[in-house]
Amino acid sequence: MDVVLSGIRPTGNLHLGNYFGALRNFTKMQHENNCYFFIADYHSLTTHPTPEHLQENVKQVLVEYLAAGLDPEVATIYVQSDLPETAELYLFLNMNAYKGELERVTTFKEKAKTQPNNINAGLLTYPTLMAADILIHRAHKVPVGKDQEQHLEMTRTFANRFNRLYKVDYFPEPVAYNFGEDLIKIPGLDGSGKMGKSEGEGNAIFLADEPAVIRKKVMRAVTDAGPQEMNAPKPDPIRNLFAIMEAVSSPDTVAYFDEKYNACQIRYGDMKKQLAEDIILFTEPLREKIKALSADDNYIRKVMEMGKEKAHQSGGRTVREVREIIGFRP
Ligand code: TRP
């Protein structure tokens with residue numbers, strides 16, 4: 001069985017894009033693989049969150065993972081800092097990570113631009129920490145978006161370098177896990193690209209959003225003056241609305257508005273009203289579970305303990321073996 005691992009930085013609530021992009025696929029994947037899902041709270045320190053924010057955000061992501069159907073009895077769901085062996089492996093890997101290659105990483109260059117007063121060493125060595133996350137469970141597959149592919153490539157470099165340096169065949173080369181056709185990209189509501197929390201207010205629908213908030217956001221979504229001729233191609237903002245509708249509404253509903261559009265009879269207000277109600281209906285079970293889980297601190301603590309235990313089983317062993325390979329006394 002393949003070891004599959006995924007990490008997420010706790011930087012706020014999950015949105016519909018996260019749900020259709022990964023979360024929904026994770027719930028299937030967990031039964032077919034040995035899965036590790038962790039919350040990357042060490043990583044989030046690169047931007048200096050307050051202790052309160054850190055805790056809140058970790059809990060929020062965990063709650064939403066569970067609400068979406070990740071099963072702590074099936075997969076290993078843990079908080080990164082509950083596996084401090086990660087930090088030790090990070091230290092070892094950093095001894096063979098070079099300044100030049102780290103400085104060339106695209107995400108580093110971008111971050112250095114957005115936070116010029118806080119270009120800390122953690123930011124520079126972010127790919128080494130990510131490699132430690134992956135290699136600590138000797139993962140085979142990692143579901144990553146385009147923006148993380150370079151990090152995965154570096155993980156392979158670090159793994160191979162370690163194997164070569166110590167003349168072992170210890171770390172497998174992790175590859176990207178591809179969801180293939182199951183991957184549904186959800187655009188945002190601002191008319192431009194994908195749904196994301198950094199794209200500005202109102203662009204993303206969060207899984208925890210209340211119906212009134214969902215209605216407001218959808219009604220404010222960007223549209224245009226309407227088609228000027230029959231069967232006109234749809235401009236981006238309109239295509240986006242249809243794409244969201246395809247994910248949450250019935251095929252009949254989509255076909256109905258598509259016909260209206262093609263006949264130049266579409267009323268975006270009507271379409272948005274329908275879309276908002278369908279999003280509300282679709283997210284209702286998630287919203288209810290998020291509420292229930294958020295109020296159940298005992299259960300959340302139990303899940304964290306269970307994850308910590310399972311992560312330690314696997315990660316503790318790797319670090320013990322790595323210490324031995326490096327030459328520390330057993
Ligand atoms: N860097 C990832 C992101 O920003 C999060 C992450 C940290 C991760 N460690 C990981 C993802 C290990 C996959 C595997 O999205």
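Student: What makes the oxygen atom of the ligand and the side chain of Arg9 a polar contact?

Tutor: This is a predicted model, and in it an N or O atom in the Arg9 side chain sits 2.9 Å from a ligand oxygen. The cut-off for a polar contact is 3.5 Å, so the pair qualifies.

Student: How do you know that a nitrogen atom of the ligand has a polar contact with the side chain of Gln148?

Tutor: Just set the distance against the limit. An N or O atom in the Gln148 side chain is 2.8 Å from a ligand nitrogen, and that is within 3.5 Å, so it counts. Tyr126 passes too: a polar atom of its side chain lies 2.7 Å from a ligand nitrogen.

Student: How much of the ligand does the protein bury?

Tutor: 91% of the 370 Å² that the ligand exposes when taken alone.

Student: Which element supplies the largest share of the shell around the ligand?

Tutor: That's H8, with four residues. Helix H8 spans 126–135, and strand E1 (3–8) also gives at least two. Tyr126, Met130, Asp133 and Ile134 are among the shell residues and fall in the H8 range.

Student: Why are two residues of the shell called charged?

Tutor: Asp and Arg belong to the charged class, so Asp133 and Arg9 fill that slot. The rest of the shell is six nonpolar and three polar residues.

Student: What does the lining of the second largest pocket have by class?

Tutor: Five charged, four nonpolar and two polar residues. Lys216, Lys217 and Arg220 are among those lining it, and the pocket holds about 200 Å³ of space.

Methods: Residues numbered from 1 in each chain as written. Predicted model: local features only at pLDDT ≥ 70, side-chain atom pairs only at ≥ 80, totals over all residues. Heavy atoms only, no water. Near = heavy atom within 4 Å. Polar contact = N/O pair within 3.5 Å; in protein donor to acceptor, adjacent residues only side chain to side chain. Areas by Shrake-Rupley, 256 points an atom, 1.4 Å probe, with all protein chains shown as cover. 1 Å grid on protein atoms, 1.4 Å probe; cavity = no way out; pocket = protein on both sides within 12 Å on 5 of 7 lines; lining within 4 Å. Points joined across faces, edges and corners; volume = space filled by probe spheres on them.
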